[in-house]
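I opened this structure today and kept notes as I went. Here is what I looked up, entry by entry.

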Amino acid sequence: QVQLAESGGGAVQAGGSLRLSCAASARTLVSLNGMGWFRQVPGKEREFVAGITWRDGIMNYSDSVKGRFTISRDIAKMTVYLQMNNLKPEDTALYYCARRSSATQSYNMWGQGTQVTVSS
């Protein structure tokens, strides 16, 4: 059973926009502190992009996306979103949704990823 299912990736030109979605299963919500988005390119470590606390909706971003990306969540739909505007070629990566545990205060569940490709 898929716990976190990402969608919305694709190919766009620089300056364009994409909206990623991550649908969470009910099991994912047990002891949930928050949700986050990460990205990874081949040969590099996975990089934090944005996070949001589930109850209060407090957001935080990496410096590289601040002002361009917006994370949000819909509690009723058990879905977290990442609105990406003014995309740059360096945003090209495999984007992962992740669950942050309230028990460990760490991200301990990951989706399969959705590819975002930005051409110049």
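My notes below go from the strands to the disulfide, the core, the rings and two loop residues.

**Entry 1: what I am looking at**

I am working with a predicted model, so I read every value here as computed from that model.

**Entry 2: the sheet**

I started with the strands. I found an open sheet of four, in the order β1-β3-β8-β7, and the pairing is antiparallel. Which strands stand at the edges? They are β1 (4-7) and β7 (69-74). Each has a single partner strand, so one side of each is left without a neighbour in the sheet. I also noted the twist, which averages 15 degrees from one strand to the next.

Next I looked at the pairings inside this sheet. β3 covers residues 18-24 and β8 covers residues 79-84; I get six bridges between them, in the antiparallel sense. To place myself there, I picked Leu-20 and found Leu-82 of β8 standing opposite.

On its other pairing, β3 runs antiparallel to β1, and four bridges join the two. Here I used Ser-7 as my marker: its bridge partner in β3 is Ser-21.

I then checked the two faces of β1. Leu-4 and Glu-6 make up the covered face, while Ala-5 and Ser-7 are on the uncovered one. I note that Ser-7, my marker for the pairing with β3, belongs to the uncovered face.

**Entry 3: the disulfide**

How many disulfides does a search of the whole structure find? I get one. Cys-22 and Cys-97 form it, with their sulfur atoms 2.0 Å apart. The link is left-handed, at -80 degrees about the S-S bond.

I looked up where the two ends sit. Cys-22 is in strand β3 and Cys-97 is in strand β9 (residues 93-101), and the two are 75 residues apart, so I wrote this down as a link between distant parts of the chain. Are these cysteines buried or exposed? Both Cys-22 and Cys-97 are buried.

**Entry 4: the core**

I went on to the largest nonpolar core, which has 27 residues. The ones with the most contacts inside it are Met-35, Trp-37, Leu-82, Met-84 and Tyr-95. I recognised Leu-82 from the sheet, as the residue opposite Leu-20.

Which elements give two or more residues to this core? My list reads β3, β4 (32-40), β5 (47-53), β7, β8, β9 and β11 (114-119). β3 gives the most, with four residues.

**Entry 5: aromatic rings**

A search of the whole structure gave me four aromatic pairs. I wrote down two of them in detail.

Phe-38 and Trp-110 form an edge-to-face pair, 4.8 Å centre to centre with 65 degrees between the planes. Why does this pair tie together parts that are 72 residues apart in sequence? Because Phe-38 lies in strand β4 and Trp-110 in strand β10 (residues 107-110). I checked accessibility too: Phe-38 counts as buried at 10%, whereas Trp-110 is partly exposed at 32%. The cut-off for buried is under 20%, so Phe-38 falls inside it and Trp-110 does not.

Tyr-107 and Trp-110 form a tilted pair, 6.4 Å centre to centre, with 45 degrees between the planes. Tyr-107 has 21% relative accessibility, so I put it down as partly exposed.

Stepping back, I see ring pairs linking Phe-38, Phe-48, Tyr-107 and Trp-110 into a cluster.

**Entry 6: charges over rings**

While at the rings, I looked for charges sitting over them. Arg-46 lies over the face of Trp-110, at 4.4 Å from the ring centre. I also found the charged end of Arg-19 over the ring of Tyr-81, 4.0 Å from its centre.

**Entry 7: two loop residues**

Last, I looked at backbone angles. Where does Ser-31 lie? I found it in the loop between β3 and β4. Its phi is near 55 degrees, a positive value in a residue other than glycine. Ser-31 is partly exposed, with a relative accessible area of 43%.

Gln-105 went into the notebook beside it. This residue lies in the loop between β9 and β10, and its phi is also positive, near 55 degrees. Gln-105 is partly exposed, with a relative accessible area of 41%.

How values were computed. Residues numbered from 1 in each chain as written. Predicted model: local features only at pLDDT ≥ 70, side-chain atom pairs only at ≥ 80, totals over all residues. Heavy atoms only, no water. Pairing = 2+ DSSP bridges. Axes fitted to C-alpha atoms, helices over the stretch in contact; angles between N-to-C directions. Buried < 20%, exposed > 50% of the residue type's maximum accessible area, 1.4 Å probe, protein only. Disulfide = S-S within 2.5 Å. Core = buried A, V, L, I, M, F, W, Y, C linked by side-chain atoms within 4.5 Å. Phe/Tyr/Trp six-rings, centres within 6.5 Å; stacked < 30°, edge-to-face > 60°. Lys NZ or Arg CZ within 6 Å of the ring centre and 35° of its normal.
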